[in-house]
Amino acid sequence: MLKISGRPGWWLIWLFLPVASWIVSVGIVIDFIKCFGKFSIRDRAAAVLLPFIYMPKWGFEAKTVYLGHSASAVFGTEFPKSTKPHIAVQWGQGLFFALFTAVFIRAFFVEFYVIPTASMERTLLTGDNILVSKLNYGPRIPMTPISYPFANHTFPSTNLKAYWDGLELPYLRLPGFSSVKRGDVLVFNYPHDTIDNRPVDKKEFYIKRCTALPGDTLLIDNGRVYVNGKIQPEPKGVQYQYKIDTSGGAINPEVFKQLHASIYEGQSGVTMTPASAAILRTYSNIKSVTRNIAPKGQADDVFPHIFPPHVLLAGHIPDYKWNADNMGTLIIPKKGWVVKLDSTTFPLYEYAIEVYERNKVSVDGSKIFINGKKADTYTFKMDYYWLIGDNWYDSEDSRYWGFVPEDHIVGKALFTWMSWDSDAPLLEKIRWDRFLKGIE
């Protein structure tokens with residue numbers, strides 16, 4: 001397109017720079033269509049906003065004729081309609097189209113995120129810049145359409161809202177290429193983000209791996225995940241916590257660095273992948289490397305206790321004796337699934353029924369009322385998912401806050417396009433080995 005319009009080829013460099021790429025790409029498209037006699041603002045808007053419709057349409061028109069290099073000095077003289085408007089108007093149009101295009105792409109196609117924590121290591125590292133596709137599962141129509149386009153819930157470095165919650169649209173998702181699958185890495189809005197009662201699409205973004213789908217029966221037994229009775233494969237980059245016994249003497253810190261092992265503050269073990277643990281066992285001064293697993297029956301602050309239901313049946317939650325390594329059996333809600341409500345199931349599903357599906361729930365003794373009517377069962381209106389971080393013992397995920405509703409799903413993480421290590425020396429901050437690395 002640059003060659004056809006007479007622009008220099010080095011302009012391609014601009015397309016690799018944030019913000020500048022949006023503006024320059026709009027200019028390239030406009031220069032291109034002018035070469036074929038498309039001079040109106042309507043043509044420009046259509047070419048920039050709907051190129052997949054507009055360009056094939058006029059490209060096959062019999063009257064489409066190449067007029068010459070639109071960027072040349074003589075083009076404006078030969079074709080007065082192509083004369084550039086005032087510089088202010090020209091920049092205004094370019095900025096408007098660039099901004100609109102960026103917002104449109106961000107809302108319906110792809111979006112970029114930066115990984116802020118270690119909860120997905122070693123699949124994703126802190127500082128990874130990832131591309132997330134909204135087309136895979138279908139773009140979610142913005143529920144809060146009136147908002148500042150490049151902020152999530154507040155303006156940067158302030159507590160000022162970047163959206164107006166006076167208009168909230170109902171949840172609607174356009175058709176996608178596929179449905180969510182077990183093992184997919186998902187970006188979603190954190191379900192328990194209750195700050196300022198933010199709308200769903202303005203809650204904080206989280207990223208985890210899908211472990212169980214709607215309708216699945218989940219069991220976590222001694223740190224291994226079973227879905228519908230079948231043990232699930234471990235993610236390639238999964239990390240566990242290990243207890244290390246030596247024959248005497250400390251382990252050289254360089255060994256942990258080479259194995260990408262981490263020692264987190266407040267934890268008693270060393271966190272690393274099973275592959276790294278296997279290598280460590282071969283060292284002569286290592287007697288044993290054993291994964292730390294909470295014993296069955298040892299209750300911990302996990303779902304549903306850590307975020308208890310708003311409404312308690314009989315005034316308490318049963319002691320399920322669950323922990324992060326042993327929990328279930330648990331059925332993941334599915335749209336249309338009818339759950340029998342009793343003292344065992346009600347605490348597991350009450351929050352979803354009341355908060356996610358927006359019902360008024362109350363109890364009177366052992367009786368349950370939903371929207372003022374006595375209820376012994378409930379039929380779910382949405383699909384739900386169970387998500388766990390690959391960094392098993394350093395991840396706040398469904399084991400702690402429960403189900404993720406379908407209306408909270410943003411998209412599928414596809415690849416890391418750049419990675420920045422803030423703790424590394426200046427010349428080593430960019431992790432070149434992670435450039436355009438796919439997410440498995």
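Just after helix α9, R358 takes a positive phi of about 55 degrees, a value that, like every other given here, is computed from a predicted model. The helix that precedes R358 spans residues 346–356, and 10 of its 11 residues are buried, so α9 is largely enclosed by the rest of the structure. The buried positions are F346, P347, L348, Y349, E350, Y351, A352, I353, E354 and Y356, a list in which the acidic residues E350 and E354 appear beside aromatic and aliphatic ones.

Helix α9 also contributes 7 residues to the largest nonpolar core, which is the largest share of that core. The core counts 65 residues, and the members that touch the most others are I244, M272, L280 and W386. Leaving aside neighbours within four places in sequence, I244 is in contact with I251, F256, V270, M272, L280, I286, S288 and V289, so that two of the residues named above, M272 and L280, recur among the contacts of I244. A second core, separate from this one, holds 14 residues, including V29, I30, F36 and A47.

Charged side chains form 21 salt bridges in the model, and three of them are set out below.

| Basic residue | Acidic residue | Closest N and O atoms |
|---|---|---|
| K134 | E111 | 2.7 Å |
| K236 | E440 | 3.8 Å |
| R399 | D397 | 2.9 Å |

The pair of K134 and E111 joins the loop between β2 (128–133) and β3 (185–189) to strand β1 (residues 110–114), so it ties together parts that are 23 residues apart in sequence; both K134 and E111 are buried. K236, in the loop between β7 (230–231) and β8 (240–246), pairs with E440 in the segment after β20 (437–438), so this bridge ties together parts that are 204 residues apart in sequence, and here both K236 and E440 are exposed. For the third pair, R399 counts as buried because its relative accessibility is 0%, and D397 is likewise buried, with a relative accessible area of 0%. Beyond these pairs, D128, D421, R431 and R434 are linked in a network of salt bridges.

Which count applies to disulfides? The model has 0 disulfides. Among its cysteines, C35 counts as buried at 0% relative accessibility, and C210 counts as buried at 2% relative accessibility, both values falling under the 20% limit for a buried residue.

Technical notes
Residues numbered from 1 in each chain as written. Predicted model: local features only at pLDDT ≥ 70, side-chain atom pairs only at ≥ 80, totals over all residues. Heavy atoms only, no water. Core = buried A, V, L, I, M, F, W, Y, C linked by side-chain atoms within 4.5 Å. Buried < 20%, exposed > 50% of the residue type's maximum accessible area, 1.4 Å probe, protein only. Helix = DSSP H or I, 4+ residues; strand = E, 2+ residues; numbered from the N terminus. Contact = heavy atoms within 4.5 Å. Disulfide = S-S within 2.5 Å. Salt bridge = Lys/Arg side-chain N within 4 Å of Asp/Glu carboxyl O.
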